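This briefing takes up two loop residues and then one sheet with the helix that lies across it. Please keep the sequence and the structure in view while reading.

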Amino acid sequence: MAGRIPQYFIDDLLARINITDVVESRVKLKRSGKNYSGLCPFHKENSPSFTVSPDKQFYYCFGCGAGGNALGFLMEYERLSFPEAIEELARLAGVDIPREEQHPQQIEREQQVKQQISLLDQACQFYRQQLRQSDSRDKAVNYLKQRGLSSDIAARFLIGYAPPGWDNLLQHFKALPNAAEALEKAGMVIHNTEKNRHYDRFRDRIMFPIRDMRGRVIAFGGRVLTDEKPKYLNSPETDTFHKSRELYGLYEARQHNRQLDRLLIVEGYMDVVGLAQHGIQWAVATLGTATTEQHLTRLFKLVPELIFCFDGDQAGRKAAQRALEIAMPILEDGKSVRFLFLPEGEDPDSLIRKEGQPAFEQRILTATPLSTFFFNSLTADSQLDSMDDRARLAASALPPIREMKPGLLQQMMLERISEMTGLSIDQLNSLVNLHQISQPATTATPAAAPETSYTDDLAEAPYDAYPELSQLDEPPTYIDTEYKTAAARTPARRSTQSRTISLVNRIISILLHRPELARELDDPDTLGHLQESNIDLLIELLSYLRQHPDNSLGTLLVDWQHDPQRSAYLMILNEIAHLEPIPNTADPLTELRDALKKLSSRQTENQLDRLLKKQRQSPLTDAEKKLLQQLLLSGREKT
């Protein structure tokens, strides 16, 4: 009988049923005070951690975290859908299930879905029959044999064959009323509007049925036997199939093992089937899309651990990075994600055929934990020898870590950042607000331009028109070395407090307000020998402004946001942006050149001091002696 099951009936049914009876008929339980305990049916364990509470009508496992009421237990243990679990409880209670009246549209949609499911099941049977009987079946059978698949594995995954030809499936369903339209809705045929005819979507391909949690065929994937493109072809989105939620092989994995504790996520149908052929029965694959939040949320309800398996090439690394970004906000304590990278040129199917199950499983055991992969990705091109490198690391790492669910893993990753950067946890927490630098401000009001600023001279707009680079709750205090701003040397109208900033930051500040001055300075590469904080940022800024003399700061923001190397600099620019520009009475180009001259002079003094100190402690190398002589001669010429 069609109709929705009323909520009042579900509540009454759960009140009638004793959860102990439901569980005890499937799991061996032992009395333990008011409760019952036993080995958890949802994960492997040697000592009981599974508890059933008759008082609370609730079960819970302290080992894997599984828990719920009698309805949830049946759905999880028996792999039943919600209606099927209700029917089983109603049978135990000896009651009939009432149904609420549905709208005609709901009834029509349910009928369409049932028709599609039936149609897809018949199509699956047709393709399996063709693998046995088609005149072209030999090349399909030979292909499967070459890939090392047995008939048992092919049967377990319902693998079939779509023979060559434009209308084989259409002809098979020709007795069905409106067959072409029904098959088109199911994604099995394509309508050519110009010729007003239908033709089979899958032709001369190995066919992989995609099944839902109940084992129903909801879509197909087809692999070519030639060099034709695309190599893999999937069913389109239909009423029964949504790529972003479904995973190939999940039904088969759960059927093989009711106590799954982990799943291996691979990229192709043959990877899943090939791994199963060689004993890895717990692999699943996404269906022509990148891993989505829906995929991971669904899988984490089934298992506590996920292992992503990618090729070791650049494309595999990029795919892993996308998976990392999706996984971090979802991950919580008790769940884990690891990354397995295969040798370049290998995929899971080819590698397990080459080295066997034990060696492949050993690779899985040594897969990289999420936290390790996260930090390795951030530090791949950086030695963290300079403050700039550590600032970039903090700027890149803090936003995704802060998006994680609060817990021990998040805290431990923050502590790791603290160790790597030398910043305290409190300092890291204060930097979190700077994440807005990489996102356009939507509610903040840009600060008004200072009366003494020369920002009106900017090519397109005042610097303060870019809130992404200027909006913070409180400007930072700079306590870096001995160079005082022109605003400090000249009475300021807005502030009576002068600030001491570094020479490099001062130069960057002037360039942010007057970017066109970059063309008047020497090649930035000449600054590469300087050992100063933020010198790398200054070189990047000068290079960018000289290469793009007509670009505005807004363009810089957009360009650097999407540049992995430069995006981390935006946090530092955000801080420097709060420096008050020099007053109108000062010449900005003169200020720039003076600062660069002092920077070079100070660097010479520092080098000389370092070499003289080292000479008193240990012999200098030939190169150091030559440099010392040059510095001493340079100093005499200046005097």
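Asp 204 is found in the loop between strand S8 (197-200) and strand S9 (205-211), where helices (H or I, at least four residues) and strands (E, at least two) are DSSP runs numbered from the N terminus. The model is predicted, so that local features need pLDDT of at least 70 and side-chain atom pairs count only at pLDDT 80 or more, while totals for chains, interfaces and linings use all residues. Residues are numbered from 1 along each chain as its sequence is written, and side-chain values use heavy atoms, with hydrogens and water left out.

**Loop residues with positive phi**
- Asp 204 has a positive phi of about 50° although it is not a glycine, and Asp 204 is buried, with a relative accessible area of 14% (buried means under 20%, exposed over 50%, partly exposed in between, with a 1.4 Å probe and protein chains only).
- Arg 79, in the loop between helix H3 (70-78) and helix H4 (82-93), is likewise not a glycine and has a positive phi of about 60°; Arg 79 is buried, at a relative accessible area of 12%.

**The open sheet**
- An open sheet of 4 strands follows the order S6-S9-S10-S11 with antiparallel pairing, two strands being paired if DSSP finds at least two bridges between them.
- Strand S6 (160-162) and strand S11 (232-234) stand at the edges with a single partner strand each, so one side of each is left without a neighbour in the sheet.
- Strand S10 (residues 217-224) and S11 run antiparallel and are joined by 3 bridges, and Gly 221 stands opposite Asn 234 in S11.

**The helix across the sheet**
- Helix H11 (residues 269-277) lies across S9, S10 and S11, running at about 80° to S9, with contact meaning heavy atoms within 4.5 Å and axes being lines fitted to C-alpha atoms, for helices over the stretch in contact, with angles from 0 to 180 degrees between N-to-C directions.
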